[in-house]
Amino acid sequence: MKKTILILFLFLMIVPILSLIAMSFERTNGIFFRWYVGIVRNEAFTSSLVLSLFVAVSSAFISTILSFAISLAFFNKTQRIIVTFLIVILGLLPSDILSLGINRLSLLLGLYNSNTILLFFGLILYCLPFCVLLFWIRYYFIDKSILIVAKDLGLNRLSIVIKILIPLTSLVLLSSLLFSFLLSFNEYTRSSYLSGSDVLLSEFLYGKLNSGTDPSIYAGGSLVIFITIIFVSLLILFFRLQGKKRKGSGAI
Amino acid sequence: METKLISDRNLIVGLLILMVPVIIVIFMSFIYTDGINSHLTISGFKELSTPIRIQELLSISLRALLVSIIATIIAFIIAVFISSFSSTNQTIYLSVLTIPFLINESIRVFSWQHFLSVNGGINKLLSCITNKQIAIFNGANFWNVYVVMIITCIPLGVFIFSAAIKIIPNIYLTVAKDLNMTPFYKTTRIILPLCKFAVVTSLTVIFFISFSQSTEVNYLGGDTKISIRNLILSLMSAGKFQAIYALGSIIIVLLILFIYFIHLIQIKSTFSKNK
């Protein structure tokens, strides 16, 4: 019974998204992939896709490194409370308001044309709370006595981080990369406020889906869904590996 | 164990850099500037206290409150269901839940708009089941906004509750099993009281997330287009940027109060445990 309700619920969550994929494969004039051919030939779509991939990959790397550094605050109570403030405020403040704050900052700094820098900053601020939480969930399960022993053996902070924490969190680092990639790749609000004259894929899709003029946009949307599903599958794999690793190494 | 793996100085400098836009939002809500002159003012807050703005904010807040309550209840039930499966299945179910959460919001909302339209999937499904022509949902029905907002927020609640259920000490569940408690009793008498922290967190997080959701309203709201983005855009077109920053400041204060409240609950629960 429980399983049936759960599967029905998950099906309800997924089925509208799947229906969009089904619409993208509608056979027209005998051609099965007609809308896919159309969207791939659309220069505006391909250029926005390439730009979005570049922006998402870059911001994923930067936000993972930054969030790893900030997540180290987990091991000290006072630092943890301070970072919790950051997570809550950055994670829950409406993105429209935060984006306007970043725009104002750019005006104060005189960065009128450096839109890419602002966009990276906005996306990093968006990914940071989620990535820090991913690291904290992992740290919660780390046996703290390892760090005490390392300290007793005379390891300094940097050595503890490099020799102990990075190997223990290697899979979280990858998960964080994938997660922040997906968040940046699919983010619309920050992109629309901060990308300036550049058009990212989320903006392109928002405009096209809102006007609903060309059915090839279903194919464009489906491509984005495929990319997301591939990355989510990779995330599942990493979480599974992480679980196995944790079980295999006992308390660690 | 209390240890510092990052120095206070580095952490504070890093956080201050990251918080610059937030500091600017607070600062600009009290400053009027026309490019040449600037002075202290509270005109942004005054603008937000005009009847029309209060009505808009109330409408957005009430919607967010309703969404947060319903989504939290559903998320709790789903999380309890998920927790009863093996860890492999739990990972799979939770990961499937992340797909609608991580997908591009335009695509997600558009697909729901299509699904809830007059000739959409739900009406077709209901017509098939009842063998009658049914058109409960249509493209411009404001209830669609609630449905999609709730569906969007449920995964967040499920993640929060799943994490909370995972850290419940096994001894409680073992005792419940020994006492032959029914699943309903186990959920209401053991899991729910131990998850009160997660309930508060889920309610608050979903409230603020749904407070910010605008794409749902723009796509599905029909004639009613009251959303935070439309409010901000109308303030921008009227040149009242200060009111936007003032709204940001109010939200930041509310968030700080939320953290304080959570901290109090934590202290209280630690105190009662020690007692």
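Reader: Looking at contacts in chain B between residues at least 6 apart in sequence, what share joins residues at least 24 apart?
Author: This is a predicted model: local features need pLDDT (the predictor's confidence in each residue, from 0 to 100) of at least 70, side-chain atom pairs count only at pLDDT 80 or more, and totals for chains, interfaces and linings use all residues. Residues are numbered from 1 along each chain as its sequence is written, while chains are lettered from A and ligands numbered from 1 in the order in which they are written. A contact means two C-beta atoms, placed from the backbone, within 7 Å. With that cut-off, the share in chain B is 72%.

Reader: Which helix of chain B gives the most to the side that touches chain A?
Author: The contact takes 65 residues from chain A and 62 from chain B. Several helices (DSSP runs of H or I, at least four residues, numbered from the N terminus) each supply at least two residues on chain B's side, including helix 4 (51-83) and helix 14 (241-274). The top giver, with 11 residues, is helix 5.

Reader: What part of chain B is buried?
Author: Buried means 20 or more other C-beta atoms within 10 Å of a residue's own, with C-beta atoms placed from the backbone. Chain B has 275 residues, and the buried part is 37%.

Reader: Which chain B residues does A:Leu93 touch?
Author: A:Leu93 is among the residues with the most contacts inside the largest nonpolar core. Leaving aside neighbours within four places in sequence, A:Leu93 contacts A:Leu98 in its own chain. Across in chain B, its partners are B:Val22, B:Gly248, B:Ile251 and B:Ile252.

Notes. Core = buried A, V, L, I, M, F, W, Y, C linked by C-beta atoms within 7 Å. Buried ≥ 20, exposed ≤ 12 C-beta atoms within 10 Å, placed from the backbone.
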